[in-house]
Amino acid sequence: MRVLFATSEVAPLIKTGGLADVSAALPAALSGMGVDVRILLPGYPQVLKALPHLQAATNIPIQPGFPAARLLASSLPNGVPLLVIECAELYERGGGAYQDEHGLDWPDNALRFGLLSKIAALLSCADSPLDWKPNIVHCNDWQTGLTPAYLHFSDGAVPCVMTVHNLAFQGVFPPQIVTELGLPAECFQPDGVEFYGNLSFMKAGLYYADHITTVSPSYANEIQTDALGFGLQGLLAYRREALTGILNGIDTTEWNPATDPNLVHSYDATDISGKSANKRELQKHMGLHIDPDLPLFGLVGRFTPQKGVDLVLEIAPQLITLPAQLILLGNGDVEMQRTALELSHHYSGQISAYVGFDEALSHLIEAGADIFLMPSRFEPCGLSQMYSQRYGTPPVVHATGGLIDTVLDCNAASLEQGVASGFVFHSMNTSSLLATAQRAVMAYHDKKIWRTLQHNCMVKDFSWRQSATAYYDIYTQLIRR
Ligand code: ADP
């Protein structure tokens, strides 16, 4: 089995969120199962710089509407082969993968990710410039959403899977882009790529893919509803026979408190004592009062309404009266960043915020915090709540998407059954969040309950094994068909 895994970000080369983690870990797990998988990725400066050993370039035949590009071969630190698209005009610039230094979307994103989509399709067709030809193309999110459409109108195309990591981002562009990107004009219709008068990359993927997956079973149901379908619920409900929710796994090598180089003391489920040294280090590093007994809440994530960061900022002054401490790491919404820094300043020693992206600090927070906060309004899967459980840091989560599928509320029954692993609240408002945080603090002060909870969390199997097998089964069915 040969799989081309097309993605717009992959850890550790370029990362804005969970997609990057999945794009590194799932191909590695598939590789471990004997699948010949190669990752296709744009050659952003961060990628070219991090990969000094790029090998022999292959010229890609000029694609109408796109600048010239070449393919460079390399591999990820985990050994998975990489195909990097070198196209200086579209990818080699400052800023990030999707936005400039000021947080504004690149104005030519349609072309940038149109090229990624186009090359993914090309490599899977008869006129590919490579000898290696996949028999499955796996697309991820809107940035590769046009691949299934290109494949649909190509000769000798192979089956493709489209994975939705977050339906909120859809890649919607004006209608004239359709022909500029070399798509046939006839596909611009409701039964095609058209979405309320515009071109939607995401819709194109959902409409033309042979199979759709999303990153948790609960989210697979939610995206078929008006509440969380972002206008695509009708199409998704229509395609439900070809839609599967497969829970993401995590990279259990990278996220392992027994070996994590970002921690000051390692620990594991059998001996968790080393966790307290990380709490002390975290308190020190973030300028909080050093206190081993105060429950320390941690939050890591994009500062957006999706993540419910606004609720956390609102309850922060009450949260610390429980009493407790709070650490926030994230970036995004400018107003939320400002509020987080103000709180940090005003309640110095009790609340501390770091605005920015800091991989090492994110690991230390997962390990050093006592309770992890993840009150997302919606959450396709979510990785951070799985990391936190693996690090013995029970999460407080809203009952949505992948959070429901990965966290079991702590109550008498779940404790009795040995499955309690966090705290779940159902109404998305500040009082429910605060009451649940309070419930977590009460549990924290009961040493016996807390040890049980931490242990339950740490022994859970979040590896990719099962999920990679589920993808493998889908690929197999598609190839047979
Ligand atoms: P999403 O993909 O919606 O952003 P996930 O929970 O699936 O959310 O994945 C987020 C990933 O990004 C996690 O690995 C998390 O640790 C990381 N992350 C998010 N924000 C930051 C940040 N500011 N600094 C470091 N890591 C971050």
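Student: Over how many bridges do strand S1 (residues 2-6) and S6 pair?
Tutor: This is a predicted model, in which local features need pLDDT of at least 70 and side-chain atom pairs count only at pLDDT 80 or more, while totals for chains, interfaces and linings use all residues. Residues are numbered from 1 along each chain as its sequence is written, and side-chain values use heavy atoms, with hydrogens and water left out. Strands (E, at least two residues) and helices (H or I, at least four) are DSSP runs numbered from the N terminus, and two strands pair if DSSP finds at least two bridges between them. For S1 and S6 the pairing is parallel, and the number of bridges is four.

Student: Which residue in S6 stands opposite Ala6?
Tutor: S1 spans residues 2-6 and pairs with S6. Opposite Ala6, S6 places Cys139.

Student: Why is strand S6 (residues 136-140) described as largely enclosed by the rest of the structure?
Tutor: Buried means under 20% relative accessible area, exposed over 50%, and partly exposed in between (1.4 Å probe, protein chains only). In a regular strand the side chains alternate between the two faces of the sheet. In S6, Ile136, His138 and Asn140 cover one side and Val137 and Cys139 the other. The strand is largely enclosed because the count of buried residues is five of the five.

Student: Which residue of S7 is the bridge partner of Asn140?
Tutor: S6 and S7 pair in the parallel sense over four bridges. Within S7, Asn140 is matched with Thr163.

Student: Is His165 buried or exposed?
Tutor: His165 sits in the loop between S7 and strand S8 (172-173). Its side chain makes a polar contact with that of Asn140 at 2.8 Å; such a contact is a pair of N or O atoms within 3.5 Å, where within protein one must be able to donate a hydrogen and the other to accept it, and residues adjacent in sequence count only if both atoms are side-chain atoms. The relative accessibility is 10%, so His165 counts as buried.

Student: Which residue in S12 is the bridge partner of Thr213?
Tutor: Strand S7 (residues 160-164) pairs with S11 in the parallel sense over four bridges, with Val161 matched to His211. S11 in turn pairs with strand S12 (residues 243-245), again parallel, over three bridges. In S12, the partner of Thr213 is Thr244.

Student: How many residues of helix H7 (residues 201-208) are buried?
Tutor: Ser200 caps the N-terminal end of H7, with a side-chain oxygen 3.4 Å from the backbone nitrogen of Met202. The buried residues include Phe201, Lys203 and Tyr208. Of the eight residues in H7, the number buried is seven.

Student: What percentage of the ligand's exposed area does the protein bury?
Tutor: A polar backbone atom of Gly356 is 2.8 Å from a nitrogen atom of the ligand, and a backbone N or O atom of Leu383 is 3.0 Å from a ligand oxygen. Taken alone, the ligand exposes 560 Å² (Shrake-Rupley method, 1.4 Å probe). The share of this that the protein buries is 93%.

Student: Is Met442 buried or exposed?
Tutor: Met442 is found in helix H17 (residues 430-445). Its C-alpha is 28 Å from that of Pro305, and the two are 137 residues apart in sequence. The relative accessible area is 61%, so Met442 is exposed.
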